Amino acid sequence: TIKGVNNKTNKGTSRSIINGTLNTTKGFNENCFISGEGNTINNGINNATVVGSYGKAIRQGEFVRGGGGSTAANEPQSSVIQLTCNTTDNTTTTMKVLDLTDEFINLQNNSILGFEAYITRLEIGGSSGTAGLFSYRQIKGVIRTGDSYALTITTYNSRVLGKDGVNGTAAFAEIGGTRSGTVSIQVSDRNNVNNIWNATVYLHETKTNITF
């Protein structure tokens with residue numbers, strides 16, 4: 001459904017609503033919503049919402065508020081994403097966006113990304129686990145991504161806001177390998193403890209065409 005002028009949908013856009021002007025879905029986008037001016041949803045991104053002006057959804061299920069930067073030298077926006085995973089032992093496990101295979105937090109080169117994450121660990125069983133025990137953690141920091149996607153992750157603060165039982169561990173980390181230019185939260189707990197992990201992550205992003 002399109003309301004407004006100079007909006008563009010590419011092949012594969014379905015069950016989506018576009019309201020405003022100069023907005024674009026890049027293709028193969030399902031269940032998306034755009035309202036505002038000059039906003040974009042990247043190819044293959046589903047269940048995303050973009051409001052404001054000149055925002056860009058590049059992660060699955062992302063809720064974006066465009067900051068109005070209409071030039072390549074300044075593209076500010078803020079957004080929210082959800083990460084989740086399950087653990088049953090002490091193996092370090094990488095949380096995934098919407099629990100989708102190989103979906104992490106994509107970064108943009110020549111950008112600064114501030115993050116604030118709230119992470120819930122809930123025990124649901126296991127031979128050494130107790131259903132209902134939990135921990136709730138906040139992590140704040142910033143990521144600088146250079147022109148060639150070299151990353152610097154700086155964690156300002158990581159603290160447990162509340163718990164009944166143990167803390168578990170959680171930290172932002174680069175995925176690397178074939179997924180260069182992506183990060184996520186890596187978590188771990190004890191052997192024989194079944195956990196559900198859920199994170200709400202707030203992103204404050206400035207992308208620029210200035211090389212660094």
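This is a guided tour of a predicted model, moving from its nonpolar cores to its salt bridges, a surface patch and two loop residues.

**The cores**

Begin by selecting Leu83, Met95, Ile119, Phe172, Ile185 and Val201, which are the residues with the most contacts inside the largest nonpolar core, a set of 23 residues. If you then colour the strands, you will find that β10 (75–87), β14, β15, β17 (169–176), β18 (179–188) and β19 (194–207) are the elements that each give two or more residues to this core. A second, separate core of 9 residues can be picked out by selecting Ile18, Ile41, Ile45 and Ala57, which are among its members. As a general background to both selections, nonpolar side chains in soluble globular proteins tend to be buried together.

Returning to Leu83, display its surroundings: leaving aside residues up to four places away in sequence, Leu83 touches Met95, Lys96, Val97, Ile105, Ser184, Ile185, Trp197, Asn198, Ala199 and Val201.

**From Lys96 to the buried charges**

One of those neighbours, Lys96, leads to the next stop, where its side chain meets that of Asp99 in a salt bridge with an N to O distance of 3.8 Å. Lys96 is partly exposed, with a relative accessible area of 23%, and Asp99 also counts as partly exposed, at 43%. The whole structure holds 9 salt bridges according to the search.

Now select Arg121 and Glu123, whose side chains form a salt bridge at 3.0 Å, N to O. Are these two residues buried or exposed? Both Arg121 and Glu123 are buried, and Arg121 counts as such because its relative accessibility is 0%. Add Asp189 to the selection, and you will see a salt bridge to Arg121 in which the closest N and O atoms are 3.4 Å apart. This pair links distant parts of the chain, since Asp189 lies in the loop between β18 and β19 while Arg121 lies in strand β14, 68 residues apart. Asp189 is buried too, with a relative accessible area of 10%. Adding Arg190 completes the view, as salt bridges that share partners join Arg121, Glu123, Asp189 and Arg190 into one network.

**Thr182**

Move next to Thr182, which is found in strand β18 and counts as buried because its relative accessibility is 3%. Its side chain reaches the backbone oxygen of Arg179 at 2.5 Å. Apart from residues up to four places away in sequence, Thr182 touches Phe104, Ile105, Asn106, Leu151, Glu174, Ile175 and Gly176.

**The surface patch**

Switch to a surface display and select Leu122, Ile124, Phe134, Tyr136, Leu161 and Ile196, which make a nonpolar patch of about 470 Å². Two strands, β14 (111–125) and β15 (134–145), each supply at least two residues of this patch. Tyr136, which lies in strand β15, counts as partly exposed at 31% relative accessibility.

**Two loop residues with positive phi**

Finish in the loops, with the backbone shown. Tyr149, in the loop between β15 and β16 (151–164), has a phi near 70 degrees, a positive value in a residue other than glycine, and Tyr149 is partly exposed at 31% relative accessibility. Where is Asn192 placed? Asn192 sits in the loop between β18 and β19, the loop that also holds Asp189. The phi of Asn192 is near 65 degrees, again positive in a residue other than glycine, and Asn192 counts as partly exposed at 42% relative accessibility.

Notes: Residues numbered from 1 in each chain as written. Predicted model: local features only at pLDDT ≥ 70, side-chain atom pairs only at ≥ 80, totals over all residues. Heavy atoms only, no water. Patch = residues over 30% accessible without salt bridge, like charges linked within 9 Å, V, L, I, M, F, W, Y side chains within 5 Å. Areas by Shrake-Rupley, 256 points an atom, 1.4 Å probe, with all protein chains shown as cover. Salt bridge = Lys/Arg side-chain N within 4 Å of Asp/Glu carboxyl O. Helix = DSSP H or I, 4+ residues; strand = E, 2+ residues; numbered from the N terminus. Buried < 20%, exposed > 50% of the residue type's maximum accessible area, 1.4 Å probe, protein only. Core = buried A, V, L, I, M, F, W, Y, C linked by side-chain atoms within 4.5 Å. Contact = heavy atoms within 4.5 Å. Polar contact = N/O pair within 3.5 Å; in protein donor to acceptor, adjacent residues only side chain to side chain.
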